[in-house]
Amino acid sequence: PAERPVGFLLLMEGADPLTTPDLLEGWYRQGLRIVGPAWMATRYAGGTHAPGPLTDLGRDLLAEMQRLGIMLDQSHMAEESFWQALDLFSGTVIASHANCREYVPTDRQLTDDMIRAIAERDGVIGAVLHNGFLVAGWKPETHQPVGLDAIVRHIDHICQLLGTARHCGIGSDFDGGAGVEHTPEPFDTVADLGKIGDALLETGYSDDDVRGILGENWLRVFRRALPTA
């Protein structure tokens, strides 16, 4: 345990708790370091199942995030707001929990162009470990089993598309409230996340690539983006 400390980095998913962008600095002082402007539509941006652009407030929020050095999470942003945010925001960009639209064709997932754009900013995309975001059309009532291969497929698509494992990570979204009934069969608790590494090794990924995907890629981004002591 002394060599594997647990750390927490605060992320606001859906920025509506910020009733105005000028409140962001107060949250930053309390430890907030990542903001996702959207979940569904918010006062700041179009989001999942709610297409739309950035609002005027959204543009102001991005400017304030950039001033403070807060990272931008594009996981839930609508396509229009996603691209507008990339044009306006020059800080660190990530997708904390998002999968590939190639396999699950909904607006909650990332297109290949979106994946490339995040990689061009040296960001990381964290895989969502929710069955419905791993397998198209999955419903709990079907009792369709989902295994590690479904996770590997999404990670591998990103790696093959980009020619590197540098931009993949684990997003989990275990805190989304769906429960173990909605996650791949090998998972009972977060202690099982290492099984993803075993599956990647069996697929042919190197030790270095697996260490990156299981955590070192995130650490690289955070070291770059977080303020020094």
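This section describes the sheet, nonpolar cores, pockets, cavity and selected residues of a predicted model.

The sheet comes first. Four strands build an open sheet, in the order E1-E2-E5-E6, with parallel pairing. E1 and strand E6 (93-94) are the edge strands. Each has a single partner strand, so one side of each lacks a neighbour in the sheet. E1 and strand E2 (residues 32-36) run parallel and are joined by four bridges. Across this pairing, Leu11 stands opposite Ile34 in E2. E2 is mostly covered, with five of its five residues buried.

The nonpolar interior was examined next. In soluble globular proteins, nonpolar side chains tend to be buried together. The largest nonpolar core in the model contains 55 residues. Leu24, Val35, Met65, Leu110, Ile155 and Ile196 have the most contacts inside it. Helix H6 (residues 148-162) makes the largest contribution to this core, with seven residues. Another core lies apart from it and has eight residues. Among them are Ile94, Trp218, Val221 and Ala225.

Ile196 illustrates the contacts of a core residue. With neighbours within four places in sequence left aside, Ile196 is in contact with Leu129, Leu148, Ile151 and Ile155. The list of contacts for Ile196 also includes Ile170, Phe187 and Leu214.

Leu148 lies in helix H6. Its relative accessible area is 19%. The cut-off for burial is under 20%, so Leu148 counts as buried. Beyond neighbours within four places in sequence, Leu148 is in contact with Pro186, Phe187, Lys195, Ile196 and Ala199. Leu148 and Val104 are separated by 44 residues in sequence. Their C-alpha atoms are 16 Å apart in space.

Open and enclosed space was then mapped. Rolling a probe the size of a water molecule over the atoms shows where empty space is left. The largest pocket holds about 1,700 Å³ of space. Its lining comprises 33 residues, of which Gly7, Ile170, Leu214, Trp218 and Phe222 are the closest to the centre. Strand E1 (10-13), strand E8 (168-172) and helix H8 (207-225) each supply at least two lining residues to the largest pocket. H8 gives the most to this lining, with eight residues. By class, the lining of the largest pocket divides into 18 nonpolar, seven polar and eight charged residues.

Some residues recur across these features. Trp218 belongs to the core of eight residues and is among the residues closest to the centre of the largest pocket. Ile170 and Leu214 are also among those closest to that centre, and both are in contact with Ile196.

The second largest pocket holds about 590 Å³ of space. It is lined by 34 residues. The closest to its centre are His130, Gly132, Phe133, Asp173 and Ala178. This lining has 14 nonpolar, 15 polar and five charged residues.

Enclosed space is limited to one cavity of 30 Å³ or more. The largest cavity holds about 30 Å³ of space. Its lining is formed by Ala98, Asn99, Cys100, Ile125, Gly126, Ala127, His154, Ile155, Ile158 and Gly169. Strand E7 (125-128) and H6 are the elements that give two or more residues to this lining. The lining of the largest cavity has six nonpolar and four polar residues, and no charged ones. Ile155 lines this cavity and is also one of the residues with the most contacts inside the largest nonpolar core. H6 thus appears both in the cavity lining and as the leading contributor to the largest nonpolar core.

Backbone geometry singles out two residues. His143 has phi near 55°, a positive value in a residue other than glycine. His143 sits in the loop between helix H5 (131-134) and H6. Its relative accessible area is 67%, so His143 is exposed. Ser172 also has a positive phi, near 60°, and is likewise a residue other than glycine. Ser172 lies in strand E8. At 15% relative accessibility, Ser172 counts as buried.

Notes
Residues numbered from 1 in each chain as written. Predicted model: local features only at pLDDT ≥ 70, side-chain atom pairs only at ≥ 80, totals over all residues. Heavy atoms only, no water. 1 Å grid on protein atoms, 1.4 Å probe; cavity = no way out; pocket = protein on both sides within 12 Å on 5 of 7 lines; lining within 4 Å. Points joined across faces, edges and corners; volume = space filled by probe spheres on them. Nonpolar A, V, L, I, M, F, W, Y, C, P; charged D, E, K, R; others polar. Core = buried A, V, L, I, M, F, W, Y, C linked by side-chain atoms within 4.5 Å. Buried < 20%, exposed > 50% of the residue type's maximum accessible area, 1.4 Å probe, protein only. Contact = heavy atoms within 4.5 Å. Pairing = 2+ DSSP bridges.
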